Every structure is written in structure tokens, then in C-alpha cells.
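Work through these exercises with the model open beside you. Each task is followed by a stepwise solution.

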Amino acid sequence: LMHSREFKQAIAQGQEGVRLNPKGMGNNAGLGFAYWGAGQLDQAEAAYTRCVKLYPRINFCRKNIADIEAMQRRYASARDKLQYVVSHDPADVVAATTLANVYLLGWGDLADARKVLEGVPAPAASSGALSDAWYWLDMYARDYQAALGIIAKAPASWFQQQGEPLALYQAQAFRAQGDSKRAKQEFTLARASL
């Protein structure tokens, strides 16, 4: 139902799942996901909060609350939740990249974003999300060659998953460094791919 964008029905099914098993993590998380997809962020956050209370050691719902908070520019609260997750699981790439983005979006804090990404015990090329986070950190730091180097090693599946071709990333970096000829070539490739 979610993938068909039938949010009203997805919410109804999620509510029924919670009614049948109010302590089920998947039920509460699924209902949160349905509310989130429908843009009902307060209800999504409430469902995820129930999930965290029921299963405090499982960080999936805590990360989703932090995502919702970041979307609403409640950066300090999002940061705190994500720091908790990363401190308990430094290999959680989703939490680490989201935390780095919170530092960037909330405060423009390149140094703390870099510390978070450096703390992930995996190379950037091992994950599209990690490569993407490093790319944007390098772009904001105006180290365009580093950004190009990182994104060139990202898993090819990342670009398909995100729906943004490698050429688009490259075009942005070339444009930022003032190479309009190469930027135009890459934008042309990106447009054809899109």
C-alpha cells in the first residue's frame, strides 16, 4: 500500500496491526512509516516513540524519530538521538551519515560532521550512503577534487537507487570549481540518463 501511495489504507492496516498486537515493534514501526509517507509527521513520531519505549535497545525507530526531527529543523534533538545510536553502534552507516548531515544542515559544522564520518569503521566506497555523505562534506568544504574522488568510487547501485546518476554529482563538482565546459558535458549526460 505504501509503495502504491495508498496512504489512507496503509494507515488503516497499520492501526489494525497495532490493535491486534500493540507491543509489536514491526507493527508500531510500520504504522509510523505509513504516517510518515502520508506526511503526518506528528503521528509518525508518536508511533516510533511507542516503538522506542517498547524496544529501547533497537535503534531503528530512534533513527526515524531523528529523521523526522531533522526534517522539522529540530536539529539539537535529532543530533542527541543520533549520537546515542552512533555511540552504541559506530558501524551504523545510516545513523552516522544522518548525524553528519544534521551537523551540516543544523550548524554548518564541517568539523563535527567529519569526525562522525571518520568514526565509521568502513571505507566510503563500501556504501553509497557513506560515499554520498563524504561527497557533500567535501563539496561544502570546497575540496572538489576529493568530492570527485569519493563519488567515483561509490557503488554503482547507489546511483540507481537514488535516481541520480554519477554524472550529476560530477557536474555539480565541476561547476563548483568553475570548470563550466566539463560541468556542461556531465549535465548533458545526467539529463540523458534522467
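**Exercise 1.** Is Thr98 buried or exposed?

Solution. Start with the ground rules. This is a predicted model, with residues numbered from 1 along each chain as its sequence is written; local features need pLDDT of at least 70, and side-chain atom pairs count only at pLDDT 80 or more, while totals for chains, interfaces and linings use all residues. Side-chain values use heavy atoms, with hydrogens and water left out.

Step 1: take the relative accessible area of Thr98, which is 14%. Step 2: apply the cut-offs. Buried means under 20% relative accessible area, exposed means over 50%, and partly exposed is in between (1.4 Å probe, protein chains only). Thr98 is therefore buried. Step 3: place Thr98 in helix H6, residues 93-107. Helices (H or I, at least four residues) and strands (E, at least two) are DSSP runs, numbered from the N terminus. Step 4: list the contacts, meaning heavy atoms within 4.5 Å. Not counting residues up to four places away in sequence, Thr98 touches Asp67 and Leu82.

**Exercise 2.** How many helices and strands are there in the protein? Describe the overall dimensions and surface too.

Solution. Step 1: count the elements. The protein has 12 helices and zero strands. Step 2: take the extents. The C-alpha trace spans about 60 × 35 × 25 Å along its principal axes. Step 3: look at burial and contacts. Of the 194 residues, 43% are buried. Among contacts between residues at least 6 apart in sequence, 43% join residues at least 24 apart. Step 4: take the surface. About 10700 Å² is exposed, and carbon and sulfur atoms supply 52% of it. These areas come from the Shrake-Rupley method with a 1.4 Å probe; for residues, only the protein chains shown count as cover.

**Exercise 3.** Which residues are the closest to the centre of the largest pocket?

Solution. Step 1: fix the term. On a 1 Å grid over the protein atoms alone, a pocket is an open set of points where a 1.4 Å probe fits, with protein on both sides within 12 Å along at least five of seven lines; lining residues have an atom within 4 Å of a point. Step 2: take the volume, about 520 Å³ for the largest pocket. Step 3: read the lining. Of its 18 residues, Asp67, Val94, Thr97, Thr98 and Asn101 are the closest to the centre. Step 4: sort the lining by element. H4 (60-71), H6, H8 (128-140) and H10 (156-162) each supply at least two residues. H6 gives the largest share, seven residues. Thr98, from Exercise 1, sits in that helix.

**Exercise 4.** What does Val85 touch, not counting residues up to four places away in sequence?

Solution. Step 1: locate Val85 in helix H5, residues 75-88. Step 2: check burial. Val85 has a relative accessible area of 1%, so it is buried. Step 3: list the contacts. Val85 touches Asn59, Arg62, Lys63, Asp92 and Ala95. Step 4: add a distance. Val85 and Ala96 are 11 residues apart in sequence and 8.4 Å apart in space, C-alpha to C-alpha.

**Exercise 5.** Where is Val120 found? Compare its setting with that of Glu45.

Solution. Step 1: Val120 is in the loop between helix H7 (110-118) and H8. Step 2: Val120 is buried, at 7% relative accessible area. Step 3: leaving aside neighbours within four places in sequence, Val120 is in contact with Pro90, Val93, Ala96 and Leu130. Step 4: turn to Glu45, in helix H3, residues 41-54. Glu45 also counts as buried, at 14% relative accessibility. Step 5: with residues up to four places away not counted, Glu45 touches Ile65, Ile68, Glu69, Gln72 and Arg74.

**Exercise 6.** Which loop holds Arg73? Treat Arg142 in parallel.

Solution. Step 1: Arg73 lies in the loop between H4 and H5. Arg142 lies in the loop between H8 and helix H9 (144-152). Step 2: check phi. Arg73 has a positive phi of about 60° although it is not a glycine. Phi of Arg142 is near 65°, again positive in a residue other than glycine. Step 3: check exposure. Arg73 is exposed, with a relative accessible area of 66%. Arg142 counts as exposed at 66% relative accessibility.

Technical notes
Points joined across faces, edges and corners; volume = space filled by probe spheres on them.
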